[in-house]
Protein chains: 2
Amino acid sequence: MNKYLKIDPWCIIEDTFSRENHPASESIFSLGNGRFGQRANFEESYSGESLQGNYIAGVYYPDKTRVGWWKNGYPEYFAKILNAPNWIGIEIQVGGELVDLAKAKVLSFRRTLNMKEGILYREYHIELASGKQLKANITRFLSMKDPELGIIRYSLVPVNFSGRIGIISSLDAGIKNADANYDEYFWDEVAKNFKDDCGYITSRTRKTEFDVCLGITTRILNGEEVVSISPTIEQREKYLAFHYTPEVSKGGAITILKYAAVQSSLYHKKEDLMDQAELSLKKAAEKGFENLLREHKERWEEKWKTSDILIEGDDEAQQGIRFNIFQLNQTYTGDDERLNIGPKGFTGEKYGGVTYWDTEAYCLPFFLCTAPSYVARNLVFYRYKQLGKAIENGEKLGFTEGAALYPMVTINGEECHNEWEITFEEIHRNGAIAHAIYNYVRHTGDKRYLIDYGLEVLIAISRFWRQRVNFSESRKKWVMLGVTGPNEYENNVNNNWYTNTIASWTLSYTIQLIAEIKNMDEEKYKILVSKVRFNEQEEIPAWEDIIENMYYPIDKESGIFLQQDGYLDKEQITTDQLDPAQQPINQHWSWDRILRSCFIKQADVLQGIYLFEDHYDTETIRKNFEFYESRTVHESSLSPCVHSILAARLSDMEMAYKLYLRTSRLDLDDYNNEVDEGLHITSMAGTWMSVIEGFAGKRVRNGRLVLNPQIPEQWESYSFKILFRGSRLKVKVTPKNLYLVNESNISAALIVLDESIQLNGQEEKVMKMKK
Amino acid sequence: MNKYLKIDPWCIIEDTFSRENHPASESIFSLGNGRFGQRANFEESYSGESLQGNYIAGVYYPDKTRVGWWKNGYPEYFAKILNAPNWIGIEIQVGGELVDLAKAKVLSFRRTLNMKEGILYREYHIELASGKQLKANITRFLSMKDPELGIIRYSLVPVNFSGRIGIISSLDAGIKNADANYDEYFWDEVAKNFKDDCGYITSRTRKTEFDVCLGITTRILNGEEVVSISPTIEQREKYLAFHYTPEVSKGGAITILKYAAVQSSLYHKKEDLMDQAELSLKKAAEKGFENLLREHKERWEEKWKTSDILIEGDDEAQQGIRFNIFQLNQTYTGDDERLNIGPKGFTGEKYGGVTYWDTEAYCLPFFLCTAPSYVARNLVFYRYKQLGKAIENGEKLGFTEGAALYPMVTINGEECHNEWEITFEEIHRNGAIAHAIYNYVRHTGDKRYLIDYGLEVLIAISRFWRQRVNFSESRKKWVMLGVTGPNEYENNVNNNWYTNTIASWTLSYTIQLIAEIKNMDEEKYKILVSKVRFNEQEEIPAWEDIIENMYYPIDKESGIFLQQDGYLDKEQITTDQLDPAQQPINQHWSWDRILRSCFIKQADVLQGIYLFEDHYDTETIRKNFEFYESRTVHESSLSPCVHSILAARLSDMEMAYKLYLRTSRLDLDDYNNEVDEGLHITSMAGTWMSVIEGFAGKRVRNGRLVLNPQIPEQWESYSFKILFRGSRLKVKVTPKNLYLVNESNISAALIVLDESIQLNGQEEKVMKMKK
């Protein structure tokens, strides 16, 4: 835990310079625009600890797998999002001395991430060893309007001297991933070009052969006037730079304006990349800084219009929730169906850029409610496109006949992960992917998606479940052996309640859909049957048998659903008996001690109850919640949000709020002392869920949007937006009243506080909150 | 499977040259003398596939751990036996052309490992590209008498030419381990010296700082006459060589005699190493080749006197069993209590040189019966010396109060292995170490060992078991969760029957010993109590409670002991239903499929029944044997021997013989296509057990040696020796008679074929075999 940032409803502020906090700040103040992302590295030289990082969505490298002991079935490589050529470099030299905040005397420092505008500001006032003082004022953003553009305005004021300043504006393609398994370079230089006042480097990723061209152009301004000085050009392999040595006078400002264009072969032919980068730089120069800034802000304004949550009476919570929403919107815009959401987005390398079940289980609900429907559809469709690879992955592990096992970690549909207990056993991800289809259709009503794509995925997953269970002659039940649930503090367990539940649910949902779709579009159904060689007569009865005779571990006495076979054989201790000095246990205990303890990283059973809430009565939910919450250490960032939602469901708002706090400022307050590695992007969506599905009780039932809002007593009010089937609803909750506004022109069918209402376009409604 | 070697009772013979078989032959024809070992690499240049290997006992390097995903508690390094400086190099040049069997036309080739004498012979007749033909005749041995000496005699006959031949006799310290995790060099050169006609390189291992000095000296002989030519000396970093260019005449023999001395800082002060190597080389030169050879053979004769097994009527079995005994005697002589037995001995790098439970469970019985009693004592004592480290290892994993968890893999007492499911969970090794103490004392009657050392180890292990179980409130029994048994095709199971059984046995045995020792030597007992802070009043009752209330999984209906909780939930298939094309399953199935199947690598339950045979009636043994044998794929080299012993115990000699065949020629016939990596040294002891404990029914009960011999119908007779409490017994078994000879002067108490007899010194006895 490290609370060094200032509280502000719209800004993240660091107002003193600290070498210790800098690596964490590099993550927290990261910028992104869905297409690429940039950690908050300094433009000028910095000799302190730093993780330089620019990441381009969809550009990856298959890094050869590193293991201690090989197991059959491991993938040959881990697809890594690449640390891409560094375009931000602006080195400043004063009389031969480099500006370096790790070495200079920092008289004042301020870094501000304006989340409303999506802009990173920085100011410093330093004294160099020579006694010369310099003030700087830096603005940086990655354009949301022109997503190939990065823009920096770097203004300098020599406080107590006049003379020449050396400025080196560079582009450096000689970069490495810090997490490379064998310390290799992943990029080769393809070309280096200079044209007009621009410099370009085209680089190619090894093996995957993505080409990326970065171009930069730099202007030096004296006040608002462009200074016409010709730079000296420096170039060497994988590097180019423009050197300027303008004359500055004491107290007068000099400004460096740097535009960078990032063009990749994802969007253009390789041979056109440099031309495209050139076009982008020209466009940037034509528009100019102020226009670029304005257009960028406008895009952010749009985003906030549908996704903001306003909390009155709790600035810390306000800042926390906005930070989460801001980072989600920086990471994924949904414009490109080939992209997905990495657990750390563009803010770090660890797990960076590759897709986990986090997308389906956590991120999808956020984008469903806050973004145009194609955004969520693209997320769901991503897995449809990878179905062939998921079937191949199943085959590699011995499954047959079109059974799909989606990978645990992937960027191109192939499995990347290499811990057997996760790679092979954490198969619940298949359930989350099935459920996401259901969730998408439930929210949007887009049944066409099921006919065109969804059912095909569901059949393939159902086939997997069928082969993955086996009939236990001793129990006379179908069992599922050798599984790791979402609670990764258990490995290789039998009959994980959650996995058995979601498997059986998948089978039921698929059977139900088949009946529906046969009705809706028999023609299309027949085409699918033939495409996937679906044998209705044989497969459906087999699935029904599994649904009927699936084994679920349960404690008969208490009615508690058991996380897995034998869970009650463990010594039953609750977290209140855990020495705080031993927490997080994953930093203090050996792995075997963690495995043997009853403590839970993230409670599977509650995850299942959350997903299938309507199957269980309140009493069942309550007793399971109490049992598992008291054993859960929440050492997964994905854990507290689900507990918070269930606590709210049980009207325990105190508990719901307590759990909400654990998730909302996880990164801002660096709970686990690891923010320097990057932000927990996907769990940020969980925080949003805590508010919308937890406090506000948002559900969708029978095509209607359900709201059952409550409010934490710490808050005066909270407001949010929900996009639902064409309508945009604004909801404001106060302790006494609930304010509804349909900001769109499309009528919405709601059930609010148990009352069915139709809220017409532009209609407002005030309702009394329940006591 | 690859049967390319000729059958011979005393020799291993390869009579054609094959590049494909050469890497396997390099393992099979390995030499060792307990102090160092040398793979059967060619002396001359060889450009084909080869794993160069010279390994020096006890000289290791802590190679930084390589894992994909770190788990708390993993060791920082893996201690590896080092590929040490190469002393065998003798390069031959004929008219600028290098002799290289991978390139020359090989007209004839023969390689013979004479196991009776411990000598490797090789002959070749080749034609070079120039058309020149050369015959060679090479003798190599590592002296058993002077264990620092390696000796080569390399005779050459130019068949169809005369002229100068270039001979380069080298010493190369620039070697790497093929299995180095980060491709690093582990050796630095400390010094290079030349003195008289000898060259020396002293090398130091990085981190561990072992110094090793190797010295070589080379003579050129024309017939039996030393040719007096001064060599040219070549030297560079980590390398030295002597160049000779003698004149040879067609049909005349020229002989290269090379002595090498290997001296390490394990036995001498670092500053004396070169002097010691010099002394050794002088000694070698003074003795001369023939005397060295004779003394070496004499030592082998001694070894065979106590360890040979003679089989009549089955040369293949004869060769197989002798190969196993030969390799065991090459690997460990028991002269140095600091050494132990690596699974691959000195024959390869994989798992090479480090200690596993194989030592206690497989090797100890062999050395108990065939070597002077200090040899087995040294093996047992090795673990006593590492008790402190075992307690530290327990502490690292969260155990307290002097609880010892011995490492899975070690060379210095510290854990090396880094797969959590093995490192942390395969704790049955602790049981094997406890049982080895029992086994040692049972055979030797050396109760003093218990008082002085054994009990201290047993208390520490008992303390571990106590902390490792927990009380299941739901079963009202002590359970042991999160375990991997010897059957490594299951991971992280609960209540592994074998581990629960050996844990409970350890506690019982320790309690029983405490009572005995208090009687025998109360003084010493009190000292121990105080040393280890043993709280008899508190600890013994706690242990007794565990013994009394330990949970053992059992199928009540059939009475089968279940390998672990839930084993019967698996689909029950027997190995006869397994497609042979899918075997070995570990090469054809994904790891998760293996884990979920009922197939067993090595049957835990049978291992337990083998160890504690007297606890179970024959019917119980029979039904468990049938159940588990039919599910066991024997993909551990340690598996078939135990099954063979139990089959013999059940008088199923056909089955016992079938299983014996799987183990006895495992390496000679390269069953698993991996002999190139090295031999399965420790499982060789299991083969010996199959004969002695299986066919011959050797046991020790109440201080008497028990024999209940049977004989496979394929054999005419078999004979073996057993050392038992000072006596040396020779036993010969034929279908009709059993011949006993007490070759010593010490009387032995026996129970043979259920008859109690006393066999006095030099007494012989003939008994009728049972029908």
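This dialogue goes through helix packing, an enclosed cavity and some unusual backbone geometry in a predicted model.

Colleague: Which conventions apply here?

Modeller: Because this is a predicted model, local features need pLDDT of at least 70 and side-chain atom pairs count only at pLDDT 80 or more, whereas totals for chains, interfaces and linings use all residues. Residues are numbered from 1 along each chain as its sequence is written, chains are lettered from A and ligands numbered from 1 in the order in which they are written, and side-chain values use heavy atoms, with hydrogens and water left out.

Colleague: At what angle do the axes of helix 9 and helix 11 of chain A cross?

Modeller: Helices here are DSSP runs of H or I with at least four residues, strands are runs of E with at least two, and both are numbered from the N terminus. Axes are lines fitted to C-alpha atoms, for helices over the stretch in contact, and angles run from 0 to 180 degrees between N-to-C directions. The axes of helix 9 (residues 447-468) and helix 11 (residues 522-531) of chain A cross at roughly 25° and come within 11 Å, which means that helix 9 of chain A is roughly parallel to helix 11 of chain A; angles under 35 degrees count as roughly parallel, over 145 as roughly antiparallel, 65 to 115 as roughly perpendicular and the rest as oblique.

Colleague: Which residues of helix 9 and helix 11 of chain A make the contact?

Modeller: With contact meaning heavy atoms within 4.5 Å, helix 9 of chain A contributes residues including Ile451(A), Leu455(A) and Ile459(A), and helix 11 of chain A contributes residues including Tyr525(A) and Leu528(A). The contact residues divide into five nonpolar, no polar and five charged, where Ala, Val, Leu, Ile, Met, Phe, Trp, Tyr, Cys and Pro count as nonpolar, Asp, Glu, Lys and Arg as charged, and the others, Gly among them, as polar.

Colleague: How does helix 9 of chain A meet helix 12 of chain A?

Modeller: Ile459(A), Ser462(A), Arg463(A) and Arg466(A) in helix 9 meet residues of helix 12 that include Ala542(A), Trp543(A) and Ile546(A). The axes of helix 9 and helix 12 (residues 536-549) of chain A come within 11 Å and cross at roughly 55°, and the two helices are therefore oblique to each other.

Colleague: How many cavities does a search of the whole structure find?

Modeller: A cavity is a set of points, on a 1 Å grid over the protein atoms alone, where a 1.4 Å probe fits but cannot get out, and lining residues have an atom within 4 Å of a point. Grid points are joined across faces, edges and corners, and a volume is the space filled by probe spheres set on the points. The search finds 12 cavities of 30 Å³ or more, and the largest holds about 180 Å³ of space. Its lining has 18 residues, of which Tyr74(A), Asn418(A), Tyr74(B), Asn418(B) and Glu419(B) are the closest to the centre.

Colleague: Where does the backbone depart from the usual geometry?

Modeller: Most residues other than glycine have a negative phi, and most peptide bonds are trans. In chain A, a cis peptide bond with omega of about -10° joins Gln583(A) and Pro584(A), and in chain B the bond from Gln583(B) to Pro584(B) is cis, with omega near -5°. Lys207(A), which is not a glycine, has a positive phi of about 65° and is found in the loop between strand 14 (198-205) and strand 15 (211-222) of chain A.

Technical notes. 1 Å grid on protein atoms, 1.4 Å probe; cavity = no way out; pocket = protein on both sides within 12 Å on 5 of 7 lines; lining within 4 Å.
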